[in-house]
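Welcome, and please open the model in your viewer with the side chains switched on. We will go from one selection to the next.

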Amino acid sequence: LAAHSTVCSHGGEAVPLPRARAPRLSSRCLLAVGALLVFSAVYFLLLSPSPPRPVAGPLPNPSSATTSFVASLDRFLDSPHRPAASSAAPGDLDAAIRREEEARLYGDPRGAWPAPLRVYVYEMPRKFTYDLLRLFRDSYRDTTNLTSNGSPVHRLIEQHSIDYWLWADLIAPESQRLLKNVIRVEQQEEADIFYVPFFTTISYFLLEKQECKALYREALKWVTDQPAWQRSEGRDHVIPVHHPWSFKSVRRFVKKAIWLLPDMDSTGNWYKPGQVYLEKDVILPYVPNVDLCDYKCVSETQSKRSTLLFFRGRLKRNAGGKIRSKLVTELQSIEDIIIEEGSAGAKGKVAAQTGMRKSLFCLNPAGDTPSSARLFDAIVSGCIPVIISDELELPFEGILDYSKIALFVSSTDAVQPGWLVKYLRGIDAQRVREMQSNLLKYSRHFLYSSPAQPLGPEDLTWRMVIPGHSSRVVQPIILAK
């Protein structure tokens, strides 16, 4: 040390030390430095954050949610899935249910319909579940199949894929799920609701007609042979039949079950009288055909929405959709209104998405059924829906206030010469901005995703299944957002 110049910090400045005094002062420096190091170590240990506690498994990141059916399905089929501990029926289901009901009816009244909702998911044979999902995935990119009206078959399957999104969430490990108002139980006597994971839409579109009907009969027998079904005649069973034609040949045998539907067409074209009604069944949104217009997108397109009213789709439909041809005649020649023929293919998606993002209002007339995916395309595009469908039942009504995001026009008014255009031009600019802002907030309620998001359509579905379970909590949560 004496052979070198020594530098010690003093008052924040470096001070050179004379050689003759270096040994003595160096010792003091060493002591000071040592004390400083000890003090720093203690300070660091006291004030540094504690190490994170270990968790049961990786927690999902909401920002990484997948909304693409094909992308999510690839990941789902390539991941191992844990079967339920046992799919065997309990020894005395009736006694277990009776004890449950007695506790609910005569116990603490605050415990009625205890949260979370408990769902028992049937472990059906693979031909009703995984095999159908693989059939879709393996043929998705190779097929050019079209329906009789020119719509791509696989795109129709995607927009009715609610059965996949609900099931994939229910059977995911709890450590990866975000929804806490619904849990999967592995004992039937613990369940509030029984879920039937049969992919009725995929089988309808991708199997030969007779093969599909045979599979429907097999699924029917399998489900109705279950002790829980026989106990309740299916009243506490949930069956996804979201495409209007799916499961049609055997519906009459399961009409007491809870159906997950796109709408409730009262014309008798799709559902027979007495099969569907609001007290029993649940209306779910279609999966949108277009991408979400998020905050950045809305900001960028705000000043570019020069089209007053936009519609792209089939201009001629059957049943209640006949109003379309009348609206085409009334609106097609007006300068800032776009009414054009189109389908739901890849090019159709781009055209529809571009048109909606350039428009203030999007026309939503009835199709062959009262509803269509176009309504939800408009919502996620920030285009205010103009709903012209006198028979329409909307998803999650009673939870969501649609008057904040959509305009409702009767068919009689809509076809009067000049009425609709005058009505739209007379809407105050402030109201338009408010509705556009609400559309951005409400979009989350119509985007299926993996993992399923709180207040997303999967979450709201289970809150709607049992009204007594939902009305206490959901409405103030959503309307406050």
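A disulfide here is a pair of cysteine sulfur atoms within 2.5 Å. By that rule the structure, which is a predicted model, holds two disulfides. Counting the bonded cysteines along the chain, their pattern is 1-2, 3-4.

**Stop 1: the disulfides**

Select Cys293 and Cys297, whose sulfur atoms lie 1.9 Å apart in a disulfide. Look along the S-S bond of Cys293 and Cys297: the torsion is about -90 degrees, so this disulfide is left-handed. Are its two ends buried or exposed? Cys293 is buried, with a relative accessible area of 2%, and Cys297 is buried as well, at 9%.

Next, select Cys362 and Cys383, which are joined by a disulfide with an S to S distance of 2.1 Å. The torsion about the S-S bond of Cys362 and Cys383 is about 110 degrees, so this disulfide is right-handed. The link connects distant parts of the chain: Cys362 sits in strand β11, while Cys383 belongs to the loop between α13 (374-381) and β12, 21 residues away. Cys362 is buried, with a relative accessible area of 1%, and Cys383 is buried too, with 0%.

**Stop 2: the sheet**

Now switch to a cartoon view and find the open sheet of five strands. In what order do the strands run? The order is β10-β9-β11-β12-β13, with parallel pairing. Colour β10 (337-341) and β13 (407-408): these stand at the edges with a single partner strand each, so one side of each has no neighbour in the sheet.

Then zoom in on β11 (residues 359-365) and β12 (residues 384-388), which pair in the parallel sense over five bridges. Pro365 stands opposite Ile388 in β12.

Add helix α11 (residues 323-331), which packs on the sheet and touches β9 (307-313), β10, β11 and β12. The direction of α11 makes about 145 degrees with that of β11. Helix α12 (residues 346-357) also packs on the sheet, touching β9 and β11, and its direction makes about 165 degrees with that of β9.

**Stop 3: along α12**

Stay with α12 and select its 12 residues. From first C-alpha to last, α12 reaches 17 Å, close to the 16 Å expected at 1.5 Å a residue. Which residues of α12 are buried? They are Gly348, Ala352, Gln353, Gly355, Met356 and Arg357. Show the surroundings to see what covers them, including α10 (295-301), β9, β11 and α13.

**Stop 4: salt bridges**

A search of the whole structure finds 18 salt bridges, and a few make good selections.

Start with Arg118 and Asp192, whose closest N and O atoms are 3.0 Å apart in a salt bridge. This pair links distant parts of the chain, with Arg118 in strand β3 (residues 117-121) and Asp192 in the loop between β4 (182-185) and β5 (193-195), 74 residues apart. Both Arg118 and Asp192 are buried.

Return to the sheet for Glu340 and Arg312, whose side chains meet in a salt bridge (3.2 Å, N to O). Glu340 lies in strand β10 and Arg312 in strand β9, 28 residues apart. Glu340 is partly exposed, with a relative accessible area of 29%, whereas Arg312 is buried, at 19%.

Select Arg177 and Asp169 next, a salt bridge of 2.9 Å, N to O, in which Arg177 and Asp169 are both buried. Finish with Asp74, Asp78, Arg137 and Asp138, which are linked in a network of salt bridges.

Methods. Residues are numbered from 1 along each chain as its sequence is written. This is a predicted model: local features need pLDDT of at least 70, side-chain atom pairs count only at pLDDT 80 or more; totals for chains, interfaces and linings use all residues. Side-chain values use heavy atoms; hydrogens and water are left out. Two strands pair if DSSP finds at least two bridges between them. Helices (H or I, at least four residues) and strands (E, at least two) are DSSP runs, numbered from the N terminus. Contact means heavy atoms within 4.5 Å. Axes are lines fitted to C-alpha atoms, for helices over the stretch in contact, and angles run from 0 to 180 degrees between N-to-C directions. Buried means under 20% relative accessible area, exposed over 50%, partly exposed in between (1.4 Å probe, protein chains only). The expected span of a helix is 1.5 Å times one less than its number of residues. A salt bridge is a side-chain nitrogen of Lys or Arg within 4 Å of a carboxyl oxygen of Asp or Glu.
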